[in-house]
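Student: Could we go through the charged side-chain pairs in this one?
Tutor: Certainly; here it is.
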Amino acid sequence: MNQPVVQGLTTNKAPFIERARANGDIYIRQPYELYSEENHQTWRQLFARMRDRWRRYANEKYLRGVETLFMDQDHVPRFEDVNQFLQRLTGFSARPVSGYVPSYIFFDCLRRREFPTTVTIRDGETLEYLPEPDIFHDVAGHVPMHTDRAFADALVRFGECAAAAAEIASRISDEHEKLRRLTSNIRAMSRFFWFSIEFGLMRAPGGGALKAYGSGLLSSFGELAHSIESPQVAREPFSIERVVNQPFEIDHYQPLLFVVDGFEHLYALADELEDWIVQGRLDDVAGGEPSVSEGDLRSFLEAAAV
Ligand SMILES: [Fe+2]
């Protein structure tokens, strides 16, 4: 007998996603037919209220990216529509996933120019705060940045950094030392990613207005303005040494943000990060958040074993 189709792809309330996770499926399809009218309405509201904020606070490449992708403002976008434009520009595509992706697998997707992308959308009751990513964060926050060549290449460099870390770990015979160094490397990469791709700010060389390029900012109505305007936020030039040793917490507005000079600068930093890994300079970063899960470690060890 056919099971009734349960409508709705609301975060934490989507049986389609629960089934995929129960099966251990990381990669899924975007079951577009399951989005409810309420889901589309949530997208419409989120998009409409961000427009003015983006115009004011988002960097130019992001604004251009939203237009280039012809992103649907009224309905949850179909990945295939977005990808059709995106792939032509930088070879990147949004790839639907069921939720959390172990960190090596995540970085390795970037290396292949695939961005693991959530299909569910937040509940219309909680437009502002959501601890986990949703399609608005991923598709409206991240994906427009992937239209920029230097930014896209920087993401690929993250994947190459992860591959280097896994390869180096595979050559360490002492198990304890292998896990210790790998934990430190993963923590450092997560911090770098957080303070750039998720919460990065940018100021063009020679001055100009401060703009956001991090998707955590670009998908948050409240924090986007706060990140640029608030005197409570410390804004420092991006330094690898500083960033990889800086813990962060995910459950409140960020009190400290780092500023790059442009996407070529970001690419150069991601490039340099691999040298730091190879030279062992990320083997003893400061402890603290984020914690590195067993799943994250296992993903690196399994990659190294191949
Ligand atoms: Fe994100």
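Student: Is Arg-56 buried or exposed?
Tutor: Arg-56 is exposed, with a relative accessible area of 55%. Buried means under 20% relative accessible area, exposed over 50%, and partly exposed in between, with a 1.4 Å probe and protein chains only. The model is predicted, so local features need pLDDT of at least 70 and side-chain atom pairs count only at pLDDT 80 or more, while totals for chains, interfaces and linings use all residues. Residues are numbered from 1 along each chain as its sequence is written, and side-chain values use heavy atoms, without hydrogens and water.
Student: Which side chain does Arg-56 meet in a salt bridge?
Tutor: That of Glu-229, at 3.5 Å from N to O. A salt bridge here is a side-chain nitrogen of Lys or Arg within 4 Å of a carboxyl oxygen of Asp or Glu.
Student: Where in the chain are the two?
Tutor: Glu-229 lies in helix α10 (residues 221-229) and Arg-56 in helix α2 (residues 37-57), so the pair links distant parts of the chain, 173 residues apart. Helices are DSSP runs of H or I with at least four residues, numbered from the N terminus. Glu-229 is partly exposed, at 47%.
Student: What about Glu-167 and Arg-171?
Tutor: Their side chains form a salt bridge at 2.8 Å, N to O. Glu-167 is partly exposed at 40%, whereas Arg-171 is exposed at 58%.
Student: Which residues form a network?
Tutor: Arg-95, Asp-108, Arg-111, Arg-112 and Glu-114 are joined into one by salt bridges that share partners.
Student: And how many salt bridges are there?
Tutor: The count is 23.
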